[in-house]
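Here is my note on the structure you sent round, set out point by point so that each can be checked against the coordinates.

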Amino acid sequence: MNAADDGTWRLDAASYLAALRREFPGFGIIADPGRPIWIAVRGNDVFIRASDGPVLRRRLLELSRR
């Protein structure tokens, strides 16, 4: 997945969502790009909300310290 946000994810949000799910299999990830709301959860202790897919990915990477 591209680390830079070049905006192409907006053309196919479903594919970007699928890629996030593959990259972070320990998280439940849902999105409503039209609102825009992107959410990742893990267990009862981690809840991350973002305005778009690349922001959510950055936060997940920060959390996993990659």
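The points below go from the overall fold to the sheet, the helices, the core and the aromatic pairs.

1. Please keep in mind throughout that this is a predicted model. The protein contains two helices and three strands, and along the sequence these elements follow the pattern α-β-β-β-α. Of the 66 residues, 39% are buried. Among the contacts with a separation of 6 or more, 31% are between residues 24 or more positions apart.

2. The three strands make an open sheet in the order S1-S2-S3, with antiparallel pairing. Because strand S1 (28–32) and strand S3 (46–50) each have a single partner strand, they stand at the edges, and one side of each is left without a neighbour in the sheet. From one strand to the next the twist averages 10 degrees.

3. The pairing of S1 with S2 can be followed in detail, since the two strands are joined in the antiparallel sense over five bridges. As one example to locate in the model, Asp32 has Ile37 in S2 as its bridge partner.

4. How are the helices placed on this sheet? Helix H1 lies across S1 and S2 and runs at about 165 degrees to S1. Helix H2 (residues 53–64) also packs on the sheet, where it touches S1, S2 and S3, and its direction makes about 150 degrees with that of S3.

5. Helix H1 deserves a closer look, as its buried residues are Ala13, Tyr16, Leu17, Ala19, Leu20 and Glu23. Viewed down the axis of H1, these buried residues fall within an arc of 160 degrees, so they line one face of the helix. A general point helps in reading this pattern: an α-helix has 3.6 residues a turn, so residues three or four places apart point the same way. The buried residues of H1 pack against S1, S2 and H2, whereas Ala14 and Arg22, on the other side of H1, are exposed.

6. Which residues have the most contacts inside the largest nonpolar core? They are Ile29, Leu56 and Leu60, in a core of 16 residues. H1, S2, S3 and H2 each supply at least two residues of this core. Leu56 is a useful residue to inspect, for, leaving aside its neighbours within four places in sequence, it is in contact with Leu20, Ile29, Trp38, Ile39, Ala40, Ile48 and Ala50.

7. The structure holds two aromatic pairs. In one of them, the rings of Tyr16 and Trp38 have their planes at 85 degrees and their centres 6.1 Å apart, so the pair is edge-to-face. This pair links distant parts of the chain, with Tyr16 in helix H1 (residues 13–23) and Trp38 in strand S2 (residues 37–42), 22 residues apart. Tyr16 is buried, with a relative accessible area of 12%, and Trp38, at 0% relative accessibility, counts as buried too.

8. Phe24 and Phe27 form an aromatic pair that is also edge-to-face, with 6.5 Å from centre to centre and 85 degrees between the planes. Are the two residues of this pair buried or exposed? Phe24 has a relative accessible area of 3% and is therefore buried, and Phe27 is buried as well, with a relative accessible area of 13%.

Technical notes: Residues numbered from 1 in each chain as written. Predicted model: local features only at pLDDT ≥ 70, side-chain atom pairs only at ≥ 80, totals over all residues. Heavy atoms only, no water. Phe/Tyr/Trp six-rings, centres within 6.5 Å; stacked < 30°, edge-to-face > 60°. Helix = DSSP H or I, 4+ residues; strand = E, 2+ residues; numbered from the N terminus. Buried < 20%, exposed > 50% of the residue type's maximum accessible area, 1.4 Å probe, protein only. Pairing = 2+ DSSP bridges. Axes fitted to C-alpha atoms, helices over the stretch in contact; angles between N-to-C directions. Contact = heavy atoms within 4.5 Å. Arc of directions from axis to C-beta. Core = buried A, V, L, I, M, F, W, Y, C linked by side-chain atoms within 4.5 Å.
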